[in-house]
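Visitor: I am new to protein models. Could you walk me through this one?

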Amino acid sequence: MRFEGDRVRGTVTFDERHGGAPGFVHGGALAAVMDDLLGNVLIIIDRPGVTATMTVDYRGPALLGRQLRLEAWCEEIDGRKLHMRGEIHDGDTLIAEGRAIFIHVDVSHWEASGHPLPASWQDWGATANA
Ligand SMILES: CCCCCCCC/C=C\CCCCCCCC(=O)SCCNC(=O)CCNC(=O)[C@H](O)C(C)(C)COP(=O)(O)OP(=O)(O)OC[C@H]1O[C@@H](n2cnc3c(N)ncnc32)[C@H](O)[C@@H]1OP(=O)(O)O
């Protein structure tokens, strides 16, 4: 995935590990990719956050071995609620649409695990809190 202006873009190719029906991508695998895709928008808007709710509309068949195109953006920031949108395409065919509300949290949210946080997270959200 990469950042282009206010958009996250990328590609993904699923293989047999991500299969559902023979030759097709499991819907849960698509949802995991969608969550990760929408999560990357947190970097663009410089807000640490977690997924509170996400819906995935499955619009077309996703086939294993195809390079699928990913795109996501932030639609609205409403207080701590970050409304994210994303799409997965196969060529011109829409495969899945994602909508999520992420909630802006303080980086200390992740301290509960006891695992050290990446040093780069120290300044995450600095512009949002300014
Ligand atoms: C996660 C990693 C991200 C790291 C990023 C790394 C750097 C980026 C690099 C690479 C990107 C990778 C991207 C990964 C993406 C994966 C993301 C995940 O999988 S996240 C894990 C799953 N999600 C949770 O574990 C949340 C668990 N839930 C909670 O912790 C709490 O419920 C939380 C923080 C979401 C809210 O709790 P409160 O106590 O802080 O706040 P309250 O008062 O309940 O809600 C605040 C506002 O939000 C609304 N709200 C809360 N939950 C809602 C919901 N489900 N639907 C709608 N609104 C909701 C409420 O109505 C309230 O709104 P009003 O301010 O009153 O207007």
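Here is a short tour in questions and answers.

Guide: This is a predicted model, where local features need pLDDT of at least 70, side-chain atom pairs count only at pLDDT 80 or more, and totals for chains, interfaces and linings use all residues. Residues are numbered from 1 along each chain as its sequence is written.

Visitor: What pattern does the protein chain follow along the sequence?

Guide: Helices (H or I, at least four residues) and strands (E, at least two) are DSSP runs, numbered from the N terminus. The protein chain has two helices and six strands. Read along the sequence, the pattern is β-β-α-β-β-β-β-α.

Visitor: What percentage of the residues of the protein chain count as buried?

Guide: A residue is buried if 20 or more other C-beta atoms, placed from the backbone, lie within 10 Å of its own; 12 or fewer make it exposed, and in between it is partly exposed. The protein chain has 130 residues. Of these, the buried part is 22%.

Visitor: Which element gives the largest share of the largest nonpolar core?

Guide: A nonpolar core is a set of buried Ala, Val, Leu, Ile, Met, Phe, Trp, Tyr and Cys residues joined through C-beta atoms within 7 Å. The largest one has 22 residues, and L30, M34 and L37 are among those with the most contacts inside it. Two or more residues each come from α1 (27–44), β4 (67–78), β5 (81–90) and β6 (93–104). The largest share, seven residues, comes from α1.

Visitor: Which element gives the most to the shell around the ligand?

Guide: A residue is near the ligand if its C-beta atom, placed from the backbone, lies within 6 Å of it. The ligand is surrounded by 16 residues, with G39, V50, A52, T53 and I103 the closest. At least two shell residues come from each of α1, β3 (49–58) and β6. The most, six residues, come from α1.

Visitor: Which residue has a positive phi although it is not a glycine?

Guide: Most residues other than glycine have a negative phi. The residue you want sits in the loop between α1 and β3. With 14 other C-beta atoms within 10 Å, this residue is partly exposed. Its phi is about 50 degrees, and its name is D46.

Visitor: How far apart are the end C-alpha atoms of residues 23–93?

Guide: UniProt lists these residues as "domain: Thioesterase" in an unreviewed entry; such annotations may be inferred rather than shown by experiment. Over residues 23–93 the chain is 25% helix and 46% strand. The distance between the end C-alpha atoms is 17 Å.
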